[in-house]
Amino acid sequence: FIVSVAGALATSGKLGVGAGVDIEELNNHVHAAITGAEVTAGGNVQLTSSDQQDIYSFAAAVSLLSNVTLDGAAVVWDIDTDTQSTIGSGAKVSTPDNLLITSSGDLWLFEVAGQVSGGKDVGFGASGVVNTINATSKATVDGCIIANGTCVGTPADISAGGNGTPTADANRGVLLAASNKETLKTFAAGAAGGGKAGVAGSAVV
């Protein structure tokens, strides 16, 4: 859970300049793995990785009571998430029941950028939201590399009899599932006014 806030207020006789900028970077890596080990179970085997992020980000700028006012507000996020569940090379997993390998990512992003610029003569303002998101989820069972017709490395060895209680999705045997969910709510707004001119702009990218 992340909350980030940036703000600015500017007032002066001739020139008022304000900037509220929230620039953030998030790198999350969640891995669950069985590698080079032997696992023998009497019931269901579950290998699960999950990553959930709730982010609230706000930026605001206000410039008032000056002959000329200039302000801007921006929210910028660079998000990179990597979620993996892997039965790796050399691992051996066996169960008479069910084998579940899952990976999931869930991102909630709420962003607001706003500015108000009020100059006695001229008011300029701009606001924007920019996001770069790279989200990856993987559920894998490693094999070997084929080189010149030869299997190089030790592939994972898995077996599941499909007996007992099925998995949550009513599946039996071996199930691999990966999913990503992204919910973005972004808002950018600007207002500018002046006795002679007022210019405002806003953008979401």
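This passage describes the overall form of one protein chain, then three of its residues, and then its internal cavity.

The model is a predicted one, and its secondary structure is simple to summarise. The chain contains 11 strands and zero helices. Followed along the sequence, the pattern reads β-β-β-β-β-β-β-β-β-β-β. The chain is more spread out than a compact globule, because its radius of gyration is 27 Å, well over the 17 Å that the globule rule gives for 205 residues. The principal axes help to picture this: along them the C-alpha trace spans about 80 × 40 × 20 Å.

The surface and the contacts of the chain can be described next. Of the 205 residues, 34% are buried. About 10400 Å² of the chain is exposed, and carbon and sulfur atoms supply 54% of that area. Contacts often link parts of the sequence that are well separated: among those between residues at least 6 apart in sequence, 81% join residues at least 24 apart.

Three residues make useful stopping points for a newcomer to the structure. A32 is placed in strand β2, a strand that covers residues 15–34. With a relative accessibility of 15%, A32 counts as buried, since the cut-off for a buried residue is under 20%. Once neighbours within four places in sequence are set aside, the contacts of A32 are with two stretches of the chain, namely L47, T48 and S49 on the one hand and Q84, S85 and T86 on the other. The C-alpha atoms of A32 and T83 lie 8.4 Å apart in space, although 51 residues separate the two in sequence.

A little further along, A37 sits in the loop between β2 (15–34) and β3 (38–40). A37 is partly exposed, its relative accessible area being 31%, a value that falls between the 20% and 50% limits of that class. Beyond its neighbours within four places in sequence, A37 has contacts with G90, A91 and K92. For A37 and K92, the separation along the chain is 55 residues, while their C-alpha atoms are separated by 6.3 Å.

L99 belongs to strand β6, which runs over residues 99–141. L99 is buried, and its relative accessible area is 1%. Not counting residues up to four places away in sequence, L99 touches V45, I87, V93, I158, A160, G173, V174 and L175. A distance across the model can also be read from L99: its C-alpha atom is 64 Å from that of G16, a residue 83 places away in sequence.

The interior of the model was examined as well. How many cavities of 30 Å³ or more does a search of the whole structure find? The search finds one. The largest cavity holds about 70 Å³ of space. Its lining is made up of D51, Q53, I79, T81, G105, D106, L107, A135, N180, K181 and E182. Which strands each supply at least two residues of this lining? They are β4 (45–87), β6 (99–141) and β10 (174–194). Strand β6 is thus a link back to L99, which is found in that strand. By residue class, the lining of the largest cavity divides into four charged, four polar and three nonpolar residues.

Conventions. Residues numbered from 1 in each chain as written. Predicted model: local features only at pLDDT ≥ 70, side-chain atom pairs only at ≥ 80, totals over all residues. Heavy atoms only, no water. 1 Å grid on protein atoms, 1.4 Å probe; cavity = no way out; pocket = protein on both sides within 12 Å on 5 of 7 lines; lining within 4 Å. Points joined across faces, edges and corners; volume = space filled by probe spheres on them. Helix = DSSP H or I, 4+ residues; strand = E, 2+ residues; numbered from the N terminus. Nonpolar A, V, L, I, M, F, W, Y, C, P; charged D, E, K, R; others polar. Rg over C-alpha atoms; globule rule 2.2 N^0.38 Å. Buried < 20%, exposed > 50% of the residue type's maximum accessible area, 1.4 Å probe, protein only. Contact = heavy atoms within 4.5 Å. Areas by Shrake-Rupley, 256 points an atom, 1.4 Å probe, with all protein chains shown as cover.
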